[in-house]
Amino acid sequence: MSEIPQPRSYSAIVGEMVDALLARLGLPALKVGSPALSIIEAAAQSDFRSSQDIFGLLNSMSLDRATGQALKR
């Protein structure tokens with residue numbers, strides 16, 4: 001059975017990506033302003049915007065929000 005999607009904040013996405021990178025490479029930390037951190041932040045921003053779009057689409061498809069003349073009959 002599939003899980004109900006949960007929205008994540010930008011910071012949560014960045015944190016998960018940094019944790020995954022550090023665990024995979026065995027590094028203790030990333031320095032502020034490092035190129036790797038900049039790439040992760042850009043990828044997290046893209047993921048966050050995509051998530052916003054998907055949740056907006058799901059929200060707009062709800063029958064509770066439907067309007068129009070055909071519904072007034």
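Biologist: Where is Ala29 found relative to H1 and H2, and is Ala29 buried or exposed?

Modeller: In this predicted model, Ala29 sits in the loop between H1 and H2. With a relative accessible area of 52%, Ala29 counts as exposed, because the exposed class begins over 50%.

Biologist: How far does the loop residue Ala29 lie from Thr67, 38 residues further apart along the chain?

Modeller: The C-alpha atoms of Ala29 and Thr67 are separated by 51 Å. For the setting of that distance, the C-alpha atoms of the chain fill a box of roughly 65 × 30 × 10 Å along the principal axes.

Biologist: What secondary structure does the chain have, and how spread out is the chain against a compact globule?

Modeller: The chain has two helices and zero strands. Its radius of gyration is 19 Å, whereas the globule rule gives 11 Å for 73 residues, so the chain is more spread out than a compact globule. Buried residues make up 11% of the 73 residues in the chain, and the accessible surface comes to about 6300 Å², with 58% of it belonging to carbon and sulfur atoms.

Biologist: Which residues make up the largest nonpolar core, and how should one read such a group?

Modeller: The general idea is that, in soluble globular proteins, nonpolar side chains tend to be buried together. In this structure the largest nonpolar core consists of seven residues, namely Ile13, Val14, Val18, Leu22, Leu37, Ile40 and Ala44. Helix H1 (10-25) and helix H2 (35-60) each supply at least two of these residues, and the largest share, four residues, comes from H1.

Biologist: Taking Ala44 from that core, which residues does Ala44 touch, leaving aside those up to four places away in sequence?

Modeller: Ala44 touches Tyr10, Ile13, Val14 and Met17, and of these partners Ile13 and Val14 are themselves listed in the core. As for contacts across the whole chain, among those with a separation of 6 or more, 53% join residues 24 or more positions apart.

Biologist: Turning to charged side chains, how many salt bridges does the structure hold, and which residue pairs with Arg8?

Modeller: The structure holds one salt bridge, which Arg8 forms with Glu16, their closest N and O atoms being 2.2 Å apart. A pair counts as a salt bridge when such atoms lie within 4 Å.

Biologist: How exposed are Arg8 and Glu16?

Modeller: Arg8 is partly exposed, with a relative accessible area of 36%, and Glu16 is likewise partly exposed, with a value of 43%. Both residues fall in that class because it spans the range between the 20% and 50% limits.

Definitions and conventions
Residues numbered from 1 in each chain as written. Predicted model: local features only at pLDDT ≥ 70, side-chain atom pairs only at ≥ 80, totals over all residues. Heavy atoms only, no water. Core = buried A, V, L, I, M, F, W, Y, C linked by side-chain atoms within 4.5 Å. Buried < 20%, exposed > 50% of the residue type's maximum accessible area, 1.4 Å probe, protein only. Contact = heavy atoms within 4.5 Å. Rg over C-alpha atoms; globule rule 2.2 N^0.38 Å. Areas by Shrake-Rupley, 256 points an atom, 1.4 Å probe, with all protein chains shown as cover.
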